[in-house]
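Reader: Could you take me on a close look at one part of this model, and tell me what surrounds it? A connected walk through the details would be very welcome.

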Amino acid sequence: MTANPSIDLSELHARVLAACRELAALTEVPGETTRPYLCPTTRGVHAFLRAWADRLGLSTRIDAVGNLRSRREGPTPDSPTLYLGSHIDTVPNAGAYDGILGVLLAYALAEAVRDQALPYALEVLAFSEEEGVRYGVPFIGSRALTGTAGPLLELRDKDGLTVSDAIRAYGLNPDELPDAEIRSESLGYLEFHIEQGPVLQAAGAGVGVVTAIAGQNRVLLDFTGQAAHAGTTPMTHRRDALAAAARFVVAAEERARATPGLVATVGVMQARPGAINIVPGEVHCTLDIRHERDEVRRDALPLLLADAERFAAERGVTVSITPKMEEAATPMDARFQGLLRQAATDLGLDAPDVLSGAGHDAMIMSTRMPAAMLFLRSPNALSHHPDEMVNPEDVEAALRVGLRFLERLAQEARA
């Protein structure tokens with residue numbers, strides 16, 4: 001199997017990059033790229049991708065949680081399916097490549113092989129939600145395919161709307177969620193994604209093979225003290241919730257620095273009442289910790305939470321702790337990793353092994369099928385930021401590695 005000789009891969013990768021820039025303009029906030037789960041501008045992304053699928057003769061549907069799924073059937077009704085994709089939602093004020101680049105590369109691969117015989121079905125997935133921004137819990141899209149999204153339907157966003165409400169507002173039916181689950185035989189899942197870190201850039205490599213995705217915990221902490229007048233309340237009489245929370249933030253940083261491989265982030269801190277002349281009486285904050293080894297992460301979490309309780313008690317403040325999410329570290333499928341390395345070697349490319357510190361849909365899909373990821377270099381190591389970058393030559397390299405992967409997988413499937 002080779003690419004259609006009429007397909008110019010250089011031209012195809014240029015179209016992928018142009019599409020990334022075009023879709024970045026579909027945003028809820030003018031002047032930046034902000035596209036939360038099932039927001040109105042999601043319709044524009046769906047329309048763009050559906051038009052590409054239609055040109056390729058793929059059948060397309062939107063499932064109950066808003067995943068856009070474009071499918072090419074296999075040679076027989078019981079042919080296993082290879083899934084390709086990533087996500088189309090973004091963090092606030094995002095870059096142009098996180099998630100969407102992987103979706104567009106998947107459609108580009110489907111175009112590159114459209115006239116070729118494949119011994120398997122091919123389904124391109126544009127997951128509706130991966131970031132967890134709107135509802136605080138990520139992977140609604142991929143969880144629907146693995147049959148684990150049901151418990152998330154009653155989560156509420158900041159406006160009090162449940163996931164079910166958002167689904168209905170988009171014109172979909174949450175009662176059809178069971179139809180989104182994968183029930184037929186699966187060959188596996190492959191995801192392309194920017195690295196979002198410095199490893200490949202430091203190694204001078206354009207692409208890398210992901211060996212594992214780090215495990216993570218997300219926790220909400222609410223510190224409650226006593227709001228009081230900033231001028232008339234002596235320091236010795238204060239129950240300052242923000243002072244306790246601030247000590248916790250520094251302690252989390254110190255523990256993570258002292259534990260090799262551990263990362264700890266307090267990404268949200270909201271103080272109330274929020275006036276310059278009032279001692280803060282309430283603080284809401286978040287904690288995100290990650291490590292490639294689950295035992296290290298699980299040992300660190302209770303120590304971090306004990307720090308929060310100790311700093312609160314020292315100031316006459318209470319703290320309530322609400323676990324929001326735990327994901328185990330996820331190794332990528334060894335066979336698929338090998339096929340990606342072989343594909344890169346065939347093309348004379350260096351594709352070093354790399355750990356993913358970020359969570360991805362591949363970790364959810366791996367619970368049902370072999371899963372693998374190919375990272376593309378992040379030249380300035382920035383992501384979740386409007387200055388996020390990608391090298392055009394790396395996008396072309398990823399496309400060529402992906403095509404060679406499909407070829408090797410087809411050879412293996414026939415054998």
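**Helix α8 and the aromatic contacts**

Author: Happily! This is a predicted model, and I will begin with a ring and a charge: Arg 43 sits over the face of Tyr 170, 4.0 Å from the ring centre. A similar arrangement involves Arg 310, which lies over the face of Phe 311 at 4.5 Å from the ring centre. Phe 311 brings us to helix α8, as it is one of the buried residues of that helix.

Helix α8 runs over residues 294-314. Its 21 residues should span 30 Å at 1.5 Å a residue, and the end C-alpha atoms are 31 Å apart, which agrees. Which of its residues are buried? They are Asp 294, Val 296, Arg 297, Ala 300, Leu 301, Leu 304, Leu 305, Asp 307, Ala 308, Phe 311 and Ala 312. These residues cover an arc of only 150 degrees around the axis, so they are on the same side of α8. On the other side of the helix, Asp 299 and Ala 313 are exposed. Just after α8 comes Gly 316, with a positive phi of about 70 degrees.

What do the buried residues of α8 pack against? Their partners are β7, α7, β12 (282-291) and β13 (318-327). Two of these partners, β7 and α7, are also linked to each other by an aromatic pair, since Phe 223 lies in strand β7 (residues 215-224) and Phe 248 in helix α7 (residues 241-258). The two rings are tilted, with 6.3 Å from centre to centre and 45 degrees between the planes. The pair therefore ties together parts that are 25 residues apart in sequence. Both rings are tucked away: Phe 223 is buried at a relative accessible area of 1%, and Phe 248 is buried at 0%.

A second pair, Phe 336 and Phe 405, is edge-to-face, with centres 5.3 Å apart and planes at 80 degrees. Phe 336 belongs to helix α9 (residues 334-346) and Phe 405 to helix α11 (residues 392-414), so this pair joins parts that are 69 residues apart in sequence. Phe 336 is buried, with a relative accessible area of 0%, and Phe 405 counts as buried at 0% too. The model has 5 aromatic pairs in total.

Finally, a word on annotation: an unreviewed UniProt entry lists residues 217-300 as "domain: Peptidase M20 dimerisation". In the model, the end C-alpha atoms of that span lie 11 Å apart, and the span is 30% helix and 35% strand.

Technical notes
Residues numbered from 1 in each chain as written. Predicted model: local features only at pLDDT ≥ 70, side-chain atom pairs only at ≥ 80, totals over all residues. Heavy atoms only, no water. Phe/Tyr/Trp six-rings, centres within 6.5 Å; stacked < 30°, edge-to-face > 60°. Helix = DSSP H or I, 4+ residues; strand = E, 2+ residues; numbered from the N terminus. Buried < 20%, exposed > 50% of the residue type's maximum accessible area, 1.4 Å probe, protein only. Lys NZ or Arg CZ within 6 Å of the ring centre and 35° of its normal. UniProt positions renumbered as here; feature names shortened; annotations may be inferred. Expected span 1.5 Å × (residues − 1). Arc of directions from axis to C-beta. Contact = heavy atoms within 4.5 Å.
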